[in-house]
Amino acid sequence: MSDIQGWSQDDDDDLLFADEDAPDPSSATSGPAAAPWKLLIVDDDPEVHAITRVVLNDVTFDGRRLQFLSAHSGVEARVILNDHPDIAAVLLDVVMETEDAGLRLVHHIREVLGNRRVRIILRTGQPGQAPERQVIVSYDINDYKAKSELTAQKLFTTTVAALRSYQHIDAIERNRQGLETIVDAAGTLFEQRSMDRFAVGVVERVAALLPRAAGAFLCAVPPVLNPEGRTGEAVVLCGTGVFADAAGRPVSAVLPEAACADIAVALARGRSLHGDDHSVALFHTQSPGPGALFIGGHGGLPEVERRLLEIFCSRMSVGFDNVSLYEQLRLAQIATVHALGKLAEYKDEVTGEHVRRIGRWATAIARELQARGACGGDADDRFCELIGLASMLHDVGKVAIPDQILRKPGKLDPEEMVQMREHAAIGGRILRDASGPVGGRSYLSMGAEIAESHHEKFDGTGYPHRLAGDAIPLSGRIVAVADVYDALLHRRPYKEAWEMAAVVDLIRAEAGRHFDPRVVDAFVAVLERGGPEA
């Protein structure tokens, strides 16, 4: 039922076009044309739709015209609202298919759809059906107008006020969502320890921050290559969207000349640059990092998104510095591991290839345990990344063992065996001191636990601390199997090499006594696949 039933077209004209001058649409315009504001008209009288369109047809606000959507019932309006979540304002009749259809729609918009942005203007020809004071208090609406008071000027004023309010709320909401994206990105990406993975994460988060953009990429600018101060050509590191396949290509092969020039200008000036359809954002890092972030196909970034992009790049600059420092630390640790490994080689001529083979076996066993979920969260990605290199330090304590014991071509006597066994505890102390007071797992800290525990036995009869079961670090349990396998399989000064079948039989037989049965199972699985190199 229409709440303007009984009106004639002339009545509508008298009410909607009262003695006021029509507004000058140009007074509300600024800037170039952009995507229109969506205005939903909900009324069961077609004449109201027609008159509203006539009055507001030429209205432009902030450089954007109006796009009219029409619904003739609350049910029809729900479908349109579901399909168009970016509707800016609703001109809503109260009495339609039911006496409270409009009020029910208000509840659906706010509570079911959770849409707090859209501005809702109630228009009623029967104020008695929905008293203004009661409706304003009970429903989340933004304006209430009797149709009899809506002249052309007042309809214009009411609509523009609603659009302005929506614009501000939308900007605040996008700012909030953008900041949430930045905070989430920082929390997630700062956990990365690889520059490549961090860079990929950055461009993926830019896509989330600026969803209208067609794509984005990071590019690296090579250092100065000659006395004239010219640099090599910038290269794409990684990209998303239309630039997803651009990694490794020169920027000039990806972008038109004008866009390449904008990247050069932004880098020369040391500040971001924004164009009509693309932007260049910079990372101000203390260490070598990507030269620039290019975002293309965005149709022009509003000021709020430009500010969010600057905040994002500022936070990510810290992330690039952190990853760079971490990589420097990692390389320093790797160099230390190799130096200590070389030191052990000078004492024992069989150590070199032996430790390299154990490194490969330890990594393969750890990955197999991870795939099986056999050791819970102990065999995580970080563990598997560290154990290969850390295991190469398992015998570093032998530097303290006298040569006449270490190279004795026969069985050690009991006193010599006591001295030989000290290498486990000595290696643990050396590496623990080398790793320093810094917390967290590292090659050196894991190397310390391997050196000290790889001669412990699963049944508690090993040395130096007679640990048993899961009290033995997982890294030590893995290297125990790899060490015995490789030592028996190859010739030593005090023994000949064993046949592989005999070595495997021994390891299987010692599961549950010398070795952790789960590690033995993982070892056998790797062996049956052809070994760690397969």
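# A tour of the predicted model

Begin with the open five-stranded sheet, whose order is β8-β7-β11-β10-β9 and whose pairing is antiparallel. This is a predicted model, and the stops below follow its strands, rings, cysteines and nonpolar core.

**The edges of the sheet.** Select β8 and β9 (273–274). Each stands at an edge with a single partner strand, so one side of each has no neighbour in the sheet.

**Strand β11.** Move next to β11, residues 292–296. Five of its five residues are buried, so the rest of the structure largely encloses this strand. Show the side chains: A292, F294 and G296 point one way, L293 and I295 point the other way, and all are buried.

Now add the two partners of β11. On one side is β7, residues 215–220, which pairs with β11 in the antiparallel sense over five bridges. To find the register there, select C219, whose bridge partner in β11 is A292. On the other side is β10, residues 278–282, also antiparallel to β11 and also joined to it over five bridges. Here V280 is the residue that stands opposite F294 of β11.

**From β7 to a loop.** Stay on β7 and turn to the aromatic rings. The structure as a whole has eight aromatic pairs. One of them is F217 with F243: the ring centres are 5.0 Å apart and the planes meet at 80 degrees, so this pair is edge-to-face. F217 belongs to strand β7, while F243 lies in the loop between β8 (235–241) and α8 (257–269), so the contact ties together parts 26 residues apart in sequence. Are these two residues buried or exposed? F217 has a relative accessible area of 0% and is buried. F243, at 8% relative accessibility, counts as buried too.

**Across to the helices.** Select W361 and F523 next. They form a tilted aromatic pair, 5.0 Å centre to centre with 45 degrees between the planes. W361 sits in helix α10 (residues 351–372) and F523 in helix α17 (residues 517–528), so to speak two distant parts of the chain, 162 residues apart, linked by the pair. W361 is buried, with a relative accessible area of 7%. F523 is buried as well, at 0%.

**The largest nonpolar core.** Keep F523 selected. Which residues have the most contacts inside the largest nonpolar core? They are L369, I478 and F523, in a core of 49 residues. To display the elements that give two or more residues to this core, select α9 (303–347), α10, α11 (381–390), α14 (443–453), α15 (474–489), α16 (500–509) and α17. Helix α15 gives the most, with nine residues. As background, nonpolar side chains in soluble globular proteins tend to be buried together.

**Along α9.** Select L308, which lies in helix α9. At 3% relative accessibility, L308 counts as buried. Then add L210 and draw a distance between the C-alpha atoms: L308 and L210 are 98 residues apart along the chain, and these atoms are separated by 9.4 Å.

**The cysteines.** How many disulfides does a search of the whole structure find? The search finds zero. Select C260 to check one case: the nearest cysteine sulfur is that of C219, 9.1 Å away, and C260 is in no disulfide. C219 is the β7 residue already seen as the bridge partner of A292. For C375, likewise in no disulfide, the nearest cysteine sulfur is that of C384, at 10.0 Å. C375 counts as buried, at 9% relative accessibility.

**A ring cluster and a charge.** Go to W37, F61 and Y166, which ring pairs link into a cluster. Add R64 to the selection. Its charged end sits over the ring of W37, 3.7 Å from the ring centre.

**An annotated position.** End at D93, in strand β4 (residues 89–93). An unreviewed UniProt entry lists D93 under "modified residue: 4-aspartylphosphate". In the model, D93 is buried, with a relative accessible area of 0%.

Technical notes. Residues numbered from 1 in each chain as written. Predicted model: local features only at pLDDT ≥ 70, side-chain atom pairs only at ≥ 80, totals over all residues. Heavy atoms only, no water. Buried < 20%, exposed > 50% of the residue type's maximum accessible area, 1.4 Å probe, protein only. Helix = DSSP H or I, 4+ residues; strand = E, 2+ residues; numbered from the N terminus. Pairing = 2+ DSSP bridges. Disulfide = S-S within 2.5 Å. Phe/Tyr/Trp six-rings, centres within 6.5 Å; stacked < 30°, edge-to-face > 60°. Lys NZ or Arg CZ within 6 Å of the ring centre and 35° of its normal. UniProt positions renumbered as here; feature names shortened; annotations may be inferred. Core = buried A, V, L, I, M, F, W, Y, C linked by side-chain atoms within 4.5 Å.
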